[in-house]
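Subject: Structure for you to look at

Hello,

Here is the structure I promised to pass on. Please open it next to this email and follow along.

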Amino acid sequence: MSALVAHCTADAAGTVAFELAGTTGAAGTELVLRRRGGAARADEVRLPMTGPHAVLDRATPLAEGRWDIVHVAEPGDRDGQPVRPGTRDVRALVDRVPGEGPVTVRVPYPTADGRLALRCWVRAPHAEAGAIDLADGAMTVRGVLYGAGAGDGAGVEARRNASRCGGSGTAAAPRTHRVPLTGGADGAFSFTLPYEELAEPAVTARQLWDLWLLPAHGADPVRLSRILDDVWDRKSIHVYPVYRADGWLAAPCYSGDNNLHVRLDPRN
């Protein structure tokens with residue numbers, strides 16, 4: 001059976017409206033969202049269809065992750081019919097400013113195998129990375145902190161991700177480097193992170209450093225990421241110039257989940 005085509009519109013509040021081409025939406029028809037890696041029905045949301053339309057309301061909770069979308073024509077059908085992406089109107093997601101409560105983002109996107117899916121983030125609090133300036137062997141990041149305020153002892157920690165470092169198979173020892181955070185009005189912040197401290201004592205294999213914002217002494221860390229737009233995977237989209245030092249290379253980068261990192265590589 002060929003896949004149906006779904007057109008969708010996302011608004012800034014988190015509602016996503018779907019319109020399926022080529023179906024009349026008979027009684028009992030549903031659009032089903034299933035979270036990848038989820039446990040059976042615990043990570044499944046079923047949207048009743050009215051004619052060719054279905055609506056994921058902003059009040060419907062979705063856990064953070066990637067949700068596959070299928071069309072189910074009969075009650076009890078566990079497999080359903082795959083849905084291909086049609087027109088995706090996500091203009092309202094660009095440069096959005098979240099309201100009160102947890103920052104919730106839902107971005108419809110095409111998967112690598114041509115199906116329609118939904119990328120969801122739920123962050124409380126949330127540190128949104130913005131402009132990144134590169135100069136003199138350092139990166140200066142500006143952003144906005146939502147759901148918390150920067151207080152005494154606010155800073156940013158770079159944590160070497162032992163599980164994502166290259167090498168001969170031996171896990172890299174954990175390391176942490178901290179720099180101060182400058183806070184401004186309406187949650188604005190900035191910090192400057194020199195690469196040299198991360199590169200000590202030597203860079204012999206690829207290293208990936210996770211970046212965490214600490215709003216104050218004793219506060220829970222907040223992952224730095226960039227999610228307040230229509231980009232569901234900026235890993236290959238936001239590519240930054242590489243800083244070339246004696247024996248190593250460094251650059252900021254994003255993961256496929258839009259988390260901000262610093263990448264170090266040995267210079268051959």
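**What I found**

Start with the charges. The chain has 30 positive and 32 negative charges, and their mean positions lie 4 Å apart. Keep in mind that this is a predicted model.

**The whole chain**

Count the elements next. The chain holds one helix and 20 strands. Its C-alpha atoms fill a box of roughly 65 × 45 × 30 Å along the principal axes. Of the 268 residues, 46% are buried. The accessible surface is about 13,100 Å², and carbon and sulfur atoms account for 49% of that.

How do the contacts spread along the sequence? Take the contacts between residues at least 6 apart in sequence: 63% of them join residues at least 24 apart.

**Strand E16 and its partners**

Now find strand E16, residues 207–214. Is it mostly covered or mostly open? It is mostly covered, with seven of its eight residues buried.

E16 pairs with these strands:

- E12 (residues 155–160) runs antiparallel to E16, with six bridges between them. Here glutamate 157 stands opposite tryptophan 212 of E16.
- E20 (residues 260–266) is also antiparallel to E16, joined by four bridges. Look for glutamine 207 opposite leucine 264 of E20.
- E17 (residues 222–225) is antiparallel to E16 too, through two bridges. Leucine 213 stands opposite valine 222 of E17.

One general point helps when you look at strands. In a regular strand, side chains alternate between the two faces of the sheet.

**The nonpolar cores**

Which residues have the most contacts inside the largest nonpolar core? They are Met139, Phe191, Leu193, Leu224, Leu260, Val262 and Leu264. That core has 31 residues. Leucine 264 should look familiar: it is the residue opposite glutamine 207.

There is also a second, separate core. It has 30 residues, among them Ala10, Val45, Leu47 and Met49.

Why look for such groups at all? In soluble globular proteins, nonpolar side chains tend to be buried together.

Go back to methionine 139 for a closer look. Leave out residues up to four places away in sequence. Methionine 139 then touches Ile132, Asp133 and Leu134, as well as Phe191, Thr192, Leu193 and Tyr195. Its other contacts are Leu211, Pro252, Leu260 and Val262. Phe191, Leu193, Leu260 and Val262 are also on the list of residues with the most contacts in the largest core.

Best wishes

Technical notes
Residues numbered from 1 in each chain as written. Predicted model: local features only at pLDDT ≥ 70, side-chain atom pairs only at ≥ 80, totals over all residues. Heavy atoms only, no water. Buried < 20%, exposed > 50% of the residue type's maximum accessible area, 1.4 Å probe, protein only. Contact = heavy atoms within 4.5 Å. Areas by Shrake-Rupley, 256 points an atom, 1.4 Å probe, with all protein chains shown as cover. Lys, Arg positive; Asp, Glu negative; His and termini not counted. Charge placed at Lys NZ, Arg CZ, Asp CG, Glu CD. Pairing = 2+ DSSP bridges. Core = buried A, V, L, I, M, F, W, Y, C linked by side-chain atoms within 4.5 Å.
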